[in-house]
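Please look over the sequence and the structure shown here before trying the exercises that come after them.

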Amino acid sequence: MSVELLDGAIILGFIEDDEAFNGSVLDRFTYLDTNHDGLLSYSEMLKELQSLRMIETHFGIDVKPDPEELSHVYDSLFLQFDHDSNGTVDLEEFKSETKRMMVAMANDLGFLPVQMILDEDSFLKKAVDRELMKLRSNVSA
């Protein structure tokens, strides 16, 4: 984990960089697709959904959520990714929903920098790293 400055423009820039965004999405999809069938089952997606820790923390403090509520949240999130409701998530569904969620985060953040703690392999950290590389290449040019 690292502490980074992040704003909506950094996230949107990452999404608009097809090579960076699509490559990151493909890497994450491939990592989650443990049986290598080109589809994510609920059990394969569950690891990713759990890593979001959406209701397991409250202002950075771990809380013990109701297991039924937690299961309902994971089921609902999976259904958001499974656009055609066939019980699996393909790469295009995964990319589309990831993009939609990141655009929503960018819109919520706005354009004033916010300091955040980011996991090293998260999409947000990749967005920050991309921005830093871009800034460094502009300075050296």
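What follows is a set of exercises, each with a worked solution.

The model is a predicted one, in which local features need pLDDT of at least 70 and side-chain atom pairs count only at pLDDT 80 or more, while totals for chains, interfaces and linings use all residues. Residues are numbered from 1 along each chain as its sequence is written, and side-chain values use heavy atoms, with hydrogens and water left out.

**Exercise 1.** Describe how helix 1 and helix 2 pack, and list the residues that make the contact.

Solution. Begin with the elements themselves: helices (H or I, at least four residues) and strands (E, at least two) are DSSP runs, numbered from the N terminus. Helix 1 covers residues 8–16 and helix 2 residues 18–32, and the two pack at an angle of about 85 degrees with their axes 5 Å apart. Here the axes are lines fitted to C-alpha atoms, for helices over the stretch in contact, and angles run from 0 to 180 degrees between N-to-C directions. Helix 1 is therefore roughly perpendicular to helix 2, a term for angles of 65 to 115 degrees, whereas angles under 35 count as roughly parallel, over 145 as roughly antiparallel and the rest as oblique. Next, take contact to mean heavy atoms within 4.5 Å; helix 1 then contributes F14, I15 and E16, and helix 2 contributes D18, A20, F21 and S24.

**Exercise 2.** Find the buried residues of helix 6 and say which elements they pack against.

Solution. Helix 6, residues 123–140, has 18 residues and reaches 26 Å from its first C-alpha to its last, close to the 26 Å expected at 1.5 Å a residue, where the expected span is 1.5 Å times one less than the number of residues. Buried means under 20% relative accessible area, exposed over 50%, and partly exposed in between (1.4 Å probe, protein chains only). The buried residues of the helix are F123, L124, K125, A127, V128, R130 and E131, and they pack against strand 1 (2–6), helix 1, helix 2, helix 5 (91–109) and strand 6 (114–118).

**Exercise 3.** How many salt bridges are there, and which parts of the chain does the pair K125 and E4 link?

Solution. A salt bridge is a side-chain nitrogen of Lys or Arg within 4 Å of a carboxyl oxygen of Asp or Glu, and by this rule the count comes to seven. In one of them the side chains of K125 and E4 meet at 3.2 Å, N to O; this pair links distant parts of the chain, since K125 is in helix 6 and E4 in strand 1, 121 residues apart. Both K125 and E4 are buried. Salt bridges also link D17, R130, E131 and K134 in a network.

**Exercise 4.** Is E97 buried or exposed, and which residues outside its sequence neighbourhood does H83 contact?

Solution. At 3% relative accessibility E97 counts as buried, while its salt-bridge partner R100, with the closest N and O atoms 2.6 Å apart, counts as partly exposed at 44%. R100 and E97 both lie in helix 5, three residues apart, which is about one turn of the helix. H83 lies in the loop between helix 4 (67–81) and strand 5 (89–90), and, leaving aside its neighbours within four places in sequence, H83 is in contact with E93, S96 and E97. H83 and E97 are 14 residues apart in sequence, and their C-alpha atoms are 8.7 Å apart in space. With a relative accessible area of 42%, H83 is partly exposed.
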